[in-house]
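Please open the coordinates in a viewer and keep the sequence panel visible beside them. The tour below proceeds by selection, and each stop states what is found there.

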Amino acid sequence: HNKLIDDYSLIINGDTYVNDNLSKFINNKFNFDILMLTSFKFLTNKYGAVVCNNELDLVGFKEKKLSLFNYVYSGIAIFKNDIFKTNLTKKVINVEDFYFNDLNYSTKIIKSKSKFIDIGTKKRYLKNEKFFSSLKLPFVL
């Protein structure tokens, strides 16, 4: 935590792709602990759904089951660095399990309808290989 130089840290899963203008997400200052980007998924049973209240506070997750549509965690979140100072650990953690499931942290949701791809398995990568190979590098929003 002593290497964190600003008030916020952007945490990104390495196995997800979101086609959204992230500047509206990144440029937010806030008084809660975490700001989570969620993505709309239609007809899915592969992802747990993000559950929030009317004020877009995270209240939990629904288990993976077939549903018409859900908002799912897109793999992108902004954390207030203060929470890292109070909860130090030297072990490898899963951010979703360690922070999102601990409702002592205040987490707000931003909902996106932009393209979201989880490429965390070989099967999902191969399914989307044509899309990824069509991207021109360097890829800049």
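Does Leu68 count as buried or exposed? Select Leu68 in the predicted model; the residue is found in strand 6. Its relative accessibility is 52%, and because the threshold for the exposed class is over 50%, Leu68 counts as exposed.

**The whole chain**

Before going further, display the entire protein chain as a cartoon. The chain contains five helices and eight strands. Followed along the sequence, these elements give the pattern β-β-α-β-β-β-β-α-α-β-β-α-α. Of the 141 residues, 36% count as buried. Switch to a surface representation: about 9,500 Å² is exposed by the protein chain, and carbon and sulfur atoms supply 52% of that area. Contacts may also be drawn. Among those in the protein chain with a separation of 6 or more, 71% are accounted for by residues 24 or more positions apart.

**The nonpolar patch**

Return to Leu68 and add Phe42, Leu43 and Phe69 to the selection; these four residues form a nonpolar patch on the surface, with about 440 Å² of accessible area together. Strand 3 (34-44) and strand 6 (67-80) are the elements that give two or more residues to this patch.

**Aromatic pairs**

Next, colour the aromatic side chains. How many aromatic pairs does a search of the whole structure find? The search finds 13 aromatic pairs. Select Phe40 and Phe69: the ring centres are 5.5 Å apart and the planes are at 25°, so this pair is stacked. Phe40 belongs to strand 3 and Phe69 to strand 6, and the pair links distant parts of the chain, 29 residues apart. Phe40 is partly exposed, with a relative accessible area of 27%. Phe69 also counts as partly exposed, at 45% relative accessibility.

Move on to Tyr125 and Phe132, which form a stacked aromatic pair with 6.4 Å centre to centre and 10° between the planes. Tyr125 is partly exposed, with a relative accessible area of 35%. Phe132 has a relative accessible area of 19%; because buried means under 20%, Phe132 is placed in the buried class.

For the last aromatic stop, select Tyr73, Phe79, Phe98, Tyr99, Phe100 and Tyr105 together. These residues form one aromatic cluster.

**Salt bridges**

Now display the charged side chains. The count comes to two salt bridges. One of them is formed by Asp57 and Lys108, with the closest N and O atoms 2.9 Å apart. Asp57 lies in the loop between strand 4 (49-52) and strand 5 (58-62), whereas Lys108 lies in strand 7 (residues 107-112), so the pair ties together parts that are 51 residues apart in sequence. Asp57 is partly exposed, with a relative accessible area of 25%, and Lys108 counts as partly exposed at 22% relative accessibility.

Then select Asp118 and Arg124. Asp118 forms a salt bridge with Arg124, the closest N and O atoms being 3.0 Å apart. Are the two residues of this bridge, Asp118 and Arg124, buried or exposed? Both Asp118 and Arg124 are buried.

**The surroundings of Asp118**

Keep Asp118 centred and show its environment. Asp118 lies in strand 8 (residues 115-118). At 15% relative accessibility, the residue counts as buried. A polar atom of the Asp118 side chain lies 2.8 Å from the backbone nitrogen of Gly120. The side chains of Asp118 and Arg124 are also joined by a polar contact of 3.0 Å. With neighbours within four places in sequence left aside, Asp118 is in contact with Asp15, Thr16, Tyr47 and Arg124.

**The segment before strand 1**

For the final stop, select Leu4, found in the segment before strand 1 (8-12). Leu4 is partly exposed, with a relative accessible area of 34%. Which residues is Leu4 in contact with, leaving aside its neighbours within four places in sequence? They are Ser9, Asn81 and Phe84. Draw a distance between the C-alpha atoms of Leu4 and Asn81: these residues are 77 residues apart in sequence and 7.2 Å apart in space.

Conventions
Residues numbered from 1 in each chain as written. Predicted model: local features only at pLDDT ≥ 70, side-chain atom pairs only at ≥ 80, totals over all residues. Heavy atoms only, no water. Helix = DSSP H or I, 4+ residues; strand = E, 2+ residues; numbered from the N terminus. Buried < 20%, exposed > 50% of the residue type's maximum accessible area, 1.4 Å probe, protein only. Polar contact = N/O pair within 3.5 Å; in protein donor to acceptor, adjacent residues only side chain to side chain. Contact = heavy atoms within 4.5 Å. Patch = residues over 30% accessible without salt bridge, like charges linked within 9 Å, V, L, I, M, F, W, Y side chains within 5 Å. Areas by Shrake-Rupley, 256 points an atom, 1.4 Å probe, with all protein chains shown as cover. Phe/Tyr/Trp six-rings, centres within 6.5 Å; stacked < 30°, edge-to-face > 60°.
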